Amino acid sequence: MSIRNCILSIDQGTTSSRAIIFGPDSQILASAQQEFEQHYPNDGWVEHTPEDIWSSTLQVCKKALVEASGKGAEVIAVGITNQRETTMVWDRKTGKPIYNSIVWQDRRTAAQCKTLREAGHSELVQSKTGLLLDPYFSASKVSWMLDNVDGARQKAEAGELAFGTVDSFLIWRLTAGRVHATDVTNASRTNLFNIHTLKWDADLLELFCIPSSLLPTVKECTDDFGKTCPKMLGYSLPILGVAGDQHAASIGQCCFQKGAIKSTYGTGCFVMLNTGDKALKSKNKLLTTVAYTIKGQTHYALEGSIFVAGAAIQWLRDGLHLIQCASETESLAESINDNHGVFLVPAFAGLGAPYWEPNARGAIFGLTRGTTGAHLVRAALESVCLQTHDLLDAMAEDGVKPKHIKIDGGMVANDWVCQFLADILNIEAKRPKILETTALGAAYLAGLQAGIYQSTAELASMNEIENHFAPQMPQTTRQKLLKGWSCAIQSTLGFNA
């Protein structure tokens, strides 16, 4: 018996590529995931090999399609979601990248951004893009490639190169170079896109010295992004939905109403609040971004970005060898009564919102002879929740105080993390039945464009909550933890080696 109207969702993340086949009722029919290598060529530099991104994506897609086919699934469309801000430039004729992908975590352009800030360009950038002048975003990364790869600027001026975030690169490869496009959410994270006009901005291109010929066409999140070349996946499929990972997660959580808020815990942590059709400017260093454009309707969001969440757990595994897999962290955290005064500030790639200090470095405070690996693991888990508190605190100062928060991502499979998060935020945390909300959001977008779903209201009616976590921590304990965290943050910001 066949299962009609299924969607292939490509979720290309920072540390792995994943493909999930969703049925029309959101059930997962097949999935495949593959990690790929991270490269750290210099202090503060983070790169990916573009061919690793492509090959891993292609392999997981093929594997998931084969598995789904064995279950009778009929896949009719593709949705794509991706790590945002990660920057790629490739040759239009050969399709080959001119340099490795510069990852969103990379801080090599901190000095360039500082120079632009000191020259008084911050207000121009923020007023047009809703973003800050920071190496996190794509524009300075593109400039660096053009200035540091032999012959790149000349080729760019001649119209021979293409720039794209990861979604654009995948679309280019999947369509065999026929389509060079992105969506509004990914475009809104480049520092080159005017979120009010929804167009690339000439003033910003001039500021960053980037020729317009590099740029992809910007489309809605639900749109026609071309058809995959038959030789890529075995047969041709239309690409009908695209969104950056945090926007896709918000869509997967059905945050379609003004005031809806979600927090995703992947490599980093990202809190996104739907502000409706108005782009609100934060007074507390939160970002204003396009939440989505669906069927001609654009919603905006306030966002807080934490650079290291799940990446801290990966560090415990691969760097310190304290654990063999992430699932061990829950029992280790539960094995001790408290954090023993140990705080980890995981500023491995600088600090994001609300501090925006690219030169900050990771630090551990409160070590004693009694400190064990379990304390370090617990401190790492707590740091993710404490950073989330900082973001919601900034939102509160902007006049927004949510009564609950929707959570998703790999880390929230850990009940201990969910409970500690609810305790430290002092609001209810809601975990969905399907944790893969990022991939689900991409599938929803493709499904809307394909006509499988008729409206966002229909999607919202399908949204199921698997568990609720209510705050239980005594206020005195909470305040003690927050005070210790604040001291750790201030000490980290004050450290200058």
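Colleague: How much accessible surface does the protein chain have?
Modeller: About 18900 Å². Carbon and sulfur atoms hold 49% of that surface. Keep in mind that this is a predicted model.

Colleague: And what share of the residues is buried?
Modeller: 61% of the 497 residues count as buried. The cut-off for buried is under 20% relative accessible area.

Colleague: How many helices and strands are there?
Modeller: The chain has 17 helices and 22 strands. Its radius of gyration is 22 Å, and the globule rule gives 23 Å for 497 residues. Those values are close, so the chain is as compact as a globular protein of that length.

Colleague: What does the C-alpha trace span along its principal axes?
Modeller: About 60 × 60 × 45 Å.

Colleague: What about contacts with a separation of 6 or more: what part comes from residues 24 or more positions apart?
Modeller: Such residues account for 73% of them.

Colleague: Switching to sheets. What is the strand order in the open sheet of 5 strands?
Modeller: It reads 3-2-1-5-13, and the pairing is mixed. Strand 3 (28-35) and strand 13 (239-244) are the edges, each pairing on one side only. From one strand to the next, the twist averages 20°.

Colleague: How do strand 2 and strand 3 run, parallel or antiparallel?
Modeller: Antiparallel, with 7 bridges joining them. Strand 2 covers residues 16-22. One of its residues, serine 16, has glutamate 35 in strand 3 as its bridge partner.

Colleague: Which strands does helix 6 lie across?
Modeller: Strand 1 (3-12), strand 5 (73-82) and strand 13. Helix 6 spans residues 166-174 and runs at about 140° to strand 5.

Methods: Residues are numbered from 1 along each chain as its sequence is written. This is a predicted model: local features need pLDDT of at least 70, side-chain atom pairs count only at pLDDT 80 or more; totals for chains, interfaces and linings use all residues. Side-chain values use heavy atoms; hydrogens and water are left out. Two strands pair if DSSP finds at least two bridges between them. Helices (H or I, at least four residues) and strands (E, at least two) are DSSP runs, numbered from the N terminus. Axes are lines fitted to C-alpha atoms, for helices over the stretch in contact, and angles run from 0 to 180 degrees between N-to-C directions. Contact means heavy atoms within 4.5 Å. The radius of gyration is taken over C-alpha atoms; the globule rule is 2.2 Å times the number of residues to the power 0.38. Buried means under 20% relative accessible area, exposed over 50%, partly exposed in between (1.4 Å probe, protein chains only). Accessible areas come from the Shrake-Rupley method with a 1.4 Å probe; for residues, only the protein chains shown count as cover.
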